[in-house]
Amino acid sequence: ICGCHRMDLDTDKDGYVDCYDTCPNDPTKQSPGVCGCGISDKDSDGDYIPDCRDYCPTDQNKANSTGVCGCNVDDIDSDRDGTPDCIDPCKLDPFKVQPGLCGC
């Protein structure tokens, strides 16, 4: 299969001889894929970004950054004051992001 003077070895025993297997030590891959040999290309949250490149591999809504609130927490701003609810004690008061003497 591999030609003259080359052994038909299958180091990782995945059914592909090493001369055609660009990941000869990874039995789960024959080519590096997106993440490389030895690293899964799995996409846990189904957002089409493999876990190896996904900032939040379990949060379908956050792939390119963790946002302000972090993974698995929406960056919702209920009162539209520019401060996400996760860090806004006055979530429903568009004029305050901290309670004053009279509260929110």
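Reader: How many disulfides are there in this chain?
Author: The count comes to six disulfides, and since this is a predicted model, that number belongs to the prediction.

Reader: Which cysteines pair with which, if I count the bonded ones along the chain?
Author: Counting bonded cysteines along the chain, the pattern reads 1-2, 3-5, 4-6, 7-9, 8-10, 11-12. There is also a cysteine outside this pattern, for cysteine 102 is in no disulfide, and the nearest cysteine sulfur, which belongs to cysteine 104, is 11 Å away.

Reader: Is cysteine 102 buried or exposed?
Author: Cysteine 102 is exposed, with a relative accessible area of 76%.

Reader: And what does cysteine 104 bond to?
Author: Cysteine 104 is joined by a disulfide to cysteine 90, with the two sulfur atoms 2.0 Å apart. The torsion about that S-S bond is about -70 degrees, so the disulfide between cysteine 90 and cysteine 104 is left-handed. Cysteine 90 itself counts as buried, at 2% relative accessibility.

Reader: Where does cysteine 35 go, and what is the handedness of its bond?
Author: Cysteine 35 is joined to cysteine 52, with an S to S distance of 1.8 Å. Here the torsion about the S-S bond is about -80 degrees, which means that this disulfide is left-handed. The two ends of the bond fall into separate accessibility classes, because cysteine 35 is buried at 13% relative accessible area, while cysteine 52 counts as partly exposed at 37%.

Reader: What about cysteine 56 and cysteine 71?
Author: Those two are joined by a disulfide as well, with S to S 2.0 Å, and a torsion of about -75 degrees about the S-S bond makes it left-handed. Cysteine 56 is buried, with a relative accessible area of 1%, whereas cysteine 71 is partly exposed, with 31%.

Reader: Switching topic, how many salt bridges does the structure hold?
Author: The structure holds two salt bridges. In one of them, the side chains of lysine 29 and aspartate 41 meet, at 3.2 Å from N to O. In the other, lysine 62 pairs with aspartate 75, and the closest N and O atoms are 3.2 Å apart.

Reader: Why can side chains pair up like that?
Author: As a general matter, side chains of opposite charge can pair when their charged atoms come close.

Reader: Is lysine 29 buried or exposed?
Author: Lysine 29 is buried, with a relative accessible area of 8%, and its partner aspartate 41 is partly exposed, with 32%. For the other bridge, lysine 62 is buried at 9% relative accessible area, while aspartate 75 is partly exposed at 34%.

Reader: OK, now the whole chain: how many helices and strands are there?
Author: There are zero helices and zero strands in the chain. The radius of gyration is 25 Å, well over the 13 Å that the globule rule gives for 104 residues, so the chain is more spread out than a compact globule.

Reader: What box do the C-alpha atoms fill?
Author: Taken along the principal axes, the C-alpha atoms of the chain fill a box of roughly 85 × 15 × 15 Å.

Reader: And what share of the contacts joins residues at least 24 apart?
Author: Among contacts between residues at least 6 apart in sequence, 0% join residues at least 24 apart.

Reader: How much of the chain is buried, then?
Author: Buried residues make up 26% of the 104 residues in the chain. As for surface, the chain exposes about 7,200 Å², and carbon and sulfur atoms supply 56% of that area.

Reader: One last topic, the backbone: which phi value does tyrosine 48 have?
Author: Tyrosine 48 has a positive phi of about 70 degrees, although it is not a glycine. For context, most residues other than glycine have a negative phi. Tyrosine 48 is also exposed, with a relative accessible area of 78%.

Reader: And what is phi for arginine 80?
Author: Arginine 80 is a residue other than glycine too, and its phi is positive, near 55 degrees. Arginine 80 counts as exposed, at 77% relative accessibility.

Conventions: Residues are numbered from 1 along each chain as its sequence is written. This is a predicted model: local features need pLDDT of at least 70, side-chain atom pairs count only at pLDDT 80 or more; totals for chains, interfaces and linings use all residues. Side-chain values use heavy atoms; hydrogens and water are left out. Buried means under 20% relative accessible area, exposed over 50%, partly exposed in between (1.4 Å probe, protein chains only). A salt bridge is a side-chain nitrogen of Lys or Arg within 4 Å of a carboxyl oxygen of Asp or Glu. A disulfide is a pair of cysteine sulfur atoms within 2.5 Å. Helices (H or I, at least four residues) and strands (E, at least two) are DSSP runs, numbered from the N terminus. The radius of gyration is taken over C-alpha atoms; the globule rule is 2.2 Å times the number of residues to the power 0.38. Contact means heavy atoms within 4.5 Å. Accessible areas come from the Shrake-Rupley method with a 1.4 Å probe; for residues, only the protein chains shown count as cover.
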